[in-house]
There are 4 protein chains.
Amino acid sequence: MAGNSFGKIFKLTTFGESHGVAIGGIIDGCPAGLKLDLESIQNDLDRRRPGQSAIVTQRKEPDTVEFYSGIFEGVTTGTPIGFAIKNANQKSKDYSHIKDAYRPSHADYTYDEKYGVRDYRGGGRSSARETACRVVAGAIAKQVLSDLKFNAYVSAVGEIELHKKLHEIDFSETEKNPVRCPDAETAAKMESFIKEVRGDGDTVGGVVSCVIKNVPKGLGEPVFDKLHAELGKAMLSINAVKGFEYGSGFEGTKMRGSDHNDHFNTDGSTKTNLSGGIQGGISNGMDIYFKVAFKPVATLMQKQTTINAAGEEVEMQGKGRHDPCVVPRAVPIVEAMAALVIADYFLQNKASKI
Amino acid sequence: MAGNSFGKIFKLTTFGESHGVAIGGIIDGCPAGLKLDLESIQNDLDRRRPGQSAIVTQRKEPDTVEFYSGIFEGVTTGTPIGFAIKNANQKSKDYSHIKDAYRPSHADYTYDEKYGVRDYRGGGRSSARETACRVVAGAIAKQVLSDLKFNAYVSAVGEIELHKKLHEIDFSETEKNPVRCPDAETAAKMESFIKEVRGDGDTVGGVVSCVIKNVPKGLGEPVFDKLHAELGKAMLSINAVKGFEYGSGFEGTKMRGSDHNDHFNTDGSTKTNLSGGIQGGISNGMDIYFKVAFKPVATLMQKQTTINAAGEEVEMQGKGRHDPCVVPRAVPIVEAMAALVIADYFLQNKASKI
Amino acid sequence: MAGNSFGKIFKLTTFGESHGVAIGGIIDGCPAGLKLDLESIQNDLDRRRPGQSAIVTQRKEPDTVEFYSGIFEGVTTGTPIGFAIKNANQKSKDYSHIKDAYRPSHADYTYDEKYGVRDYRGGGRSSARETACRVVAGAIAKQVLSDLKFNAYVSAVGEIELHKKLHEIDFSETEKNPVRCPDAETAAKMESFIKEVRGDGDTVGGVVSCVIKNVPKGLGEPVFDKLHAELGKAMLSINAVKGFEYGSGFEGTKMRGSDHNDHFNTDGSTKTNLSGGIQGGISNGMDIYFKVAFKPVATLMQKQTTINAAGEEVEMQGKGRHDPCVVPRAVPIVEAMAALVIADYFLQNKASKI
Amino acid sequence: MAGNSFGKIFKLTTFGESHGVAIGGIIDGCPAGLKLDLESIQNDLDRRRPGQSAIVTQRKEPDTVEFYSGIFEGVTTGTPIGFAIKNANQKSKDYSHIKDAYRPSHADYTYDEKYGVRDYRGGGRSSARETACRVVAGAIAKQVLSDLKFNAYVSAVGEIELHKKLHEIDFSETEKNPVRCPDAETAAKMESFIKEVRGDGDTVGGVVSCVIKNVPKGLGEPVFDKLHAELGKAMLSINAVKGFEYGSGFEGTKMRGSDHNDHFNTDGSTKTNLSGGIQGGISNGMDIYFKVAFKPVATLMQKQTTINAAGEEVEMQGKGRHDPCVVPRAVPIVEAMAALVIADYFLQNKASKI
């Protein structure tokens with residue numbers, strides 16, 4: 001069933017396979033009258049782009065977005081914004097090794113079981129290439145929410161964690177290194193570990209954290225559409241994500257209520273914000289912060305034994321250029337999905353009042 | 001904006017405040033011709049009910065569900081199933097202490113900011129009482145999915161964790177103790193810890209895990225509506241939940257791809273199932289398993305300083321009978337939400353084929 | 001699939017069969033802070049109620065609505081409004097004549113084909129009794145839109161038509177006669193014709209027209225969700241409706257553009273309003289007007305030959321008390337559906353702006 | 001708010017302005033495994049295309065559809081089908097006369113009131129050019145429903161009506177004349193009348209009728225999503241449509257129930273089918289037939305007085321090449337929307353069963 005749309009009011013629908021003609025999407029419900037900064041959209045795309053640094057895949061995809069509609073003389077008109085990103089690589093590769101075998105921990109097997117047919121080239125629709133469209137829409141959502149600041153960053157690569165309290169982090173450091181960890185020393189360790197892993201033909205997982213600042217109070221819709229529930233869904237919908245927690249998260253389960261409760265300041269803010277900026281599913285104006293767990297990339301530059309559609313054992317090895325660790329490129333994707341969620345609730349909230 | 005519905009095809013919409021006339025809901029899209037086992041529905045409600053054991057709230061709510069429609073001579077007709085659960089407590093209590101103050105880490109403040117008005121009695125709509133409606137619908141969803149088995153259980157209370165591998169767990173043990181931990185020894189420790197915490201007028205968090213067995217292959221809809229994304233949203237929408245992970249979860253981020261990849265058996269099953277039964281957002285027929293983090297209950301039987309709507313500091317103390325730890329009663333809620341998600345995707349999947 | 005909800009933001013979901021325990025619904029998305037006039041809700045229900053005059057069905061249904069949630073101290077809280085109307089007649093009747101036969105031009109046959117099971121008592125879910133829930137929700141929608149005026153009225157019964165231009169109609173006349181035709185003389189003819197038809201054990205169709213005044217400019221969402229498209233769907237979803245036209249309607253197809261175009265006054269209003277208050281799917285602030293065609297009631301007090309589920313010919317005759325003509329009671333239903341549509345678009349429109 | 005999607009399971013979302021870079025759309029939910037006949041898609045586009053005959057607009061738009069995704073080796077993969085149609089005319093014209101004035105009975109004024117900004121070139125989003133995307137999606141929907149036959153045709157142009165009973169019509173005649181009226185003699189009259197009207201610099205309205213054959217029983221979802229309600233919405237969403245009726249329609253309101261009721265044959269079919277193939281909102285397997293009213297085109301080749309955004313009176317005259325009567329080109333659009341509705345319900349219906 002149709003599952004390629006996200007959002008109710010600020011609504012993104014995407015299309016496209018990794019090695020088809022193009023990927024793209026439609027943003028429906030973007031308010032009229034917004035003067036778009038196209039450069040900042042392309043900038044977010046460039047943060048996600050392959051080949052941007054030595055520790056990510058070296059594939060060549062320029063990822064230039066073309067807008068087809070919804071913008072007139074640089075201003076949104078309230079009509080749907082159609083866009084496409086042409087696939088540079090669409091005809092070049094040899095995918096016979098995938099055509100005849102299911103890659104372990106990929107979506108090859110399940111797509112075949114579900115649809116009975118699949119575009120096997122580069123993972124087809126299950127490729128993370130699709131997230132470029134999310135970045136385009138998220139960059140526009142950020143412009144709808146010009147007062148807010150979305151700060152995603154890498155907080156762990158494998159067992160190497162950033163050990164800083166939230167208030168100690170200087171988010172202007174994030175983009176200064178290829179790992180996107182806002183601490184030069186930790187970033188250097190992560191970078192050298194990623195290189196080591198790549199040298200082994202292996203991959204490793206990691207964690208992307210995000211802090212959203214200046215969120216208006218009152219966003220979020222009880223009961224099922226709690227703000228953090230939709231944020232969680234948004235993050236879990238990103239390729240390779242295995243977990244989501246916000247505020248005190250899993251650690252908070254170990255605490256007692258007397259330590260965990262956030263006591264109020266007289267202006268309605270709280271002293272501790274273990275709630276993570278959301279109470280009862282509704283934003284309270286404090287920073288929203290959360291963590292997103294990414295598994296190690298499944299495509300290895302090592303020989304693996306697997307099966308083909310006939311159920312026979314076959315050997316395979318990753319070809320081409322793949323990411324040894326996905327989190328550096330996932331940072332703008334996490335921000336984009338967060339911006340989509342908040343923009344949607346921001347507009348929903350206007351509809352709650354007479 | 002309307003946010004009280006869950007599901008696209010098997011769709012639950014709920015209503016009701018903690019101390020209003022009744023809570024209830026409408027299940028729209030339940031297939032026709034299902035002979036309903038009403039006893040098993042009430043049984044799940046009883047597993048969630050207050051007063052069921054010494055370690056949960058001692059409030060008296062019989063929680064008897066009345067069905068108004070959609071069932072004829074014991075069989076579903078395909079028309080919407082309306083139901084209600086009357087509130088036994090609706091007039092009895094004194095809520096002046098809440099009326100005039102915002103309880104810390106509750107939804108009082110955010111509801112007021114969002115709506116400008118709230119039913120303060122017992123938390124109103126933000127009360128976990130609403131989850132009884134989810135249990136009703138989930139119990140029916142389980143019957144739609146009669147081949148599947150939903151096994152939720154308590155895997156942690158505070159720092160006390162169940163240390164068993166999934167295959168070592170005997171799920172028939174879960175209901176044999178009031179904590180709902182499928183290991184008598186660990187359960188006893190948890191129980192005594194909950195009592196200790198309660199004795200302090202305090203509360204504690206915990207973790208509910210869930211294993212779903214016999215899931216058909218092919219459920220889940222890429223891209224945004226991945227099966228685990230919707231499961232995550234479902235769990236995060238439950239009161240007090242702070243995190244969700246499935247398969248290898250946050251631990252998996254520390255692994256290398258060569259250890260993390262699930263290698264195939266020749267029948268399409270995998271040897272390790274770190275994927276948690278879902279690949280590329282689509283079920284692969286293996287067990288789906290996940291964890292849900294619950295924060296400590298915010299209502300304490302201790303004096304706390306807080307603020308009122310005028311921004312003045314006031315003192316307050318929890319009244320009445322509250323849960324010292326929510327996870328034992330959350331077990332059937334987690335199962336219910338899981339069943340709602342799977343039933344919806346099960347029906348969606350039928351629509352993917354000509 | 002779930003089809004018992006209407007609206008995106010101001011959203012009604014209904015349940016209930018004609019002879020089940022109760023009918024009812026949930027209004028999700030009603031803005032907070034609205035002081036509800038419960039009397040005017042019951043008043044609209046009474047306008048739809050059986051037994052209100054000599055020319056409608058003489059069934060006894062008090063149709064008293066009970067509210068379960070979403071209203072606190074008389075004011076909406078922004079949470080879902082659950083309500084029910086108990087069925088007075090649920091156990092009394094003998095339906096063996098319907099159980100064993102498909103009534104011509106009823107939904108008996110199609111429900112059986114679709115669901116394989118049906119609640120045959122009084123038509124079950126296909127009974128127009130369900131529209132009482134629409135009237136409840138519509139009466140609340142009217143209060144959201146307190147500046148607007150919804151004027152539905154009977155403009156034709158069989159071949160007897162009201163021959164008045166819109167500006168000649170005095171809407172205060174509508175409720176002064178049992179037919180709800182705002183012209184005493186025409187109403188008298190219609191009334192006597194309905195009595196004649198009833199005397200024959202027969203039924204007759206008719207037309208309900210509606211004029212909505214004071215609609216704000218800018219409501220309606222191109223492309224698929226044009227304001228008149230949703231109004232049309234709303235009306236066509238009412239039992240027995242066979243057609244909908246707005247503005248110049250079918251007559252307008254015969255005109256030339258030079259006669260049909262609405263020329264502007266300098267304040268943006270138009271001189272002729274053949275557009276019916278909607279241009280390009282968006283309201284222009286002029287009166288919205290439309291017509292709804294109702295077929296003759298299918299239940300006759302005459303013997304008819306029909307078939308049973310085995311495909312055998314059987315004879316049947318309507319029992320009990322039925323409407324000889326549905327339009328007088330349809331007037332508040334048309335208003336209710338119009339109010340639901342406009343309220344939804346009114347709230348949607350708030351979300352179109354930053 | 002987002003209003004550019006149609007359908008729940010077979011779901012079309014469109015984008016594009018008349019004179020932007022391209023129009024296009026995404027079809028989400030098309031079942032996998034369908035071998036697409038691309039020629040028949042282009043054929044339907046050609047039936048809608050400008051310049052196809054002497055009685056339609058002579059604009060030059062090749063309207064070639066490019067598919068970007070969702071099709072692999074000629075077969076649908078179950079993933080979203082993205083497509084675009086480039087606008088040939090995007091830069092050529094002078095629109096200063098529209099920029100500074102609101103065309104009567106167009107959407108210029110309401111778009112400005114709603115959005116505060118508009119792409120005035122060729123009507124922008126309100127242009128009927130957008131319907132080309134519907135035709136693409138509808139042509140695919142027809143292939144999902146390969147057993148069904150959608151027969152739309154022109155049944156009236158101005159006061160010239162086709163006087164044939166449904167069973168007398170030979171649908172193979174429809175495409176044999178430029179009017180698309182399946183009766184050579186009536187078509188000739190219509191054609192000459194359209195030419196006369198065009199000679200006057202004027203336009204005229206008309207009616208498109210449609211008969212759908214071989215519809216499976218059981219399609220349609222009570223209560224709000226009745227099959228004919230959704231069909232009505234679909235038709236009313238087409239530019240210039242003012243009315244919709246199905247089965248006996250407005251004429252049926254004049255009948256008595258004893259004449260109007262459709263009596264059953266023993267196989268469940270009916271003798272008269274005044275119900276129009278739908279009973280209680282659900283298809284009964286008989287032909288579905290309905291009529292759609294199109295107003296005269298608003299753009300005239302005559303001088304008209306109108307106003308500008310400042311509220312000043314100005315004179316304007318249509319430029320370029322416009323249709324004197326829209327119904328010949330509307331025939332494939334009506335079929336397309338009908339196919340979209342039926343395909344969606346066809347897939348929904350699969351989800352109603354366990």
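Modeller: Two residues count as in contact if their C-beta atoms, placed from the backbone, lie within 7 Å. This is a predicted model, where local features need pLDDT of at least 70, side-chain atom pairs count only at pLDDT 80 or more, and totals for chains, interfaces and linings use all residues. Residues are numbered from 1 along each chain as its sequence is written, while chains are lettered from A and ligands numbered from 1 in the order in which they are written.

Biologist: OK, which residues in α9(A) do D44(A), R47(A) and R48(A) meet?

Modeller: Helices here are DSSP runs (H or I, at least four residues), strands too (E, at least two), numbered from the N terminus. Helix α1 of chain A covers residues 38-48 and helix α9 of chain A residues 327-350. On the α9(A) side, the partners are R329(A), V331(A), P332(A), I333(A) and A336(A).

Biologist: Are α1(A) and α9(A) parallel or oblique to each other?

Modeller: Their axes (lines fitted to C-alpha atoms over the stretch in contact, with angles from 0 to 180 degrees between N-to-C directions) come within 6 Å and cross at roughly 135 degrees. Under 35 degrees is roughly parallel, over 145 roughly antiparallel, 65 to 115 roughly perpendicular, and the rest oblique. So α1(A) and α9(A) are oblique.

Biologist: Now the bigger picture: which helix gives the most to the side of chain B that touches chain A?

Modeller: The contact draws 90 residues from chain B and 90 from chain A. On the chain B side, 6 residues come from the top contributor, residues 227-236, which is helix α6.

Biologist: How many bridges join strand β11 of chain A to strand β11 of chain B?

Modeller: Strands pair if DSSP finds at least two bridges between them. Both strands span residues 241-246 and they run antiparallel. F244(A) faces F244(B) in β11(B). The number of bridges is 3.

Biologist: What rotation superposes chain B on chain A?

Modeller: The fit is by least squares on C-alpha atoms of residues with pLDDT of at least 70 in both copies. It leaves an RMSD of 0.0 Å, with 0.0 Å of shift along the axis, after a rotation of 180 degrees. The two copies are thus related as by a two-fold rotation axis, and that rotation is 180 degrees.

Biologist: And in the other pair, which residue of chain D stands opposite E245(C)?

Modeller: Chain D has 90 residues in contact with 90 of chain C. Strand β11 of chain C and strand β11 of chain D run antiparallel, joined by 3 bridges. Opposite E245(C), in β11(D), stands G243(D).
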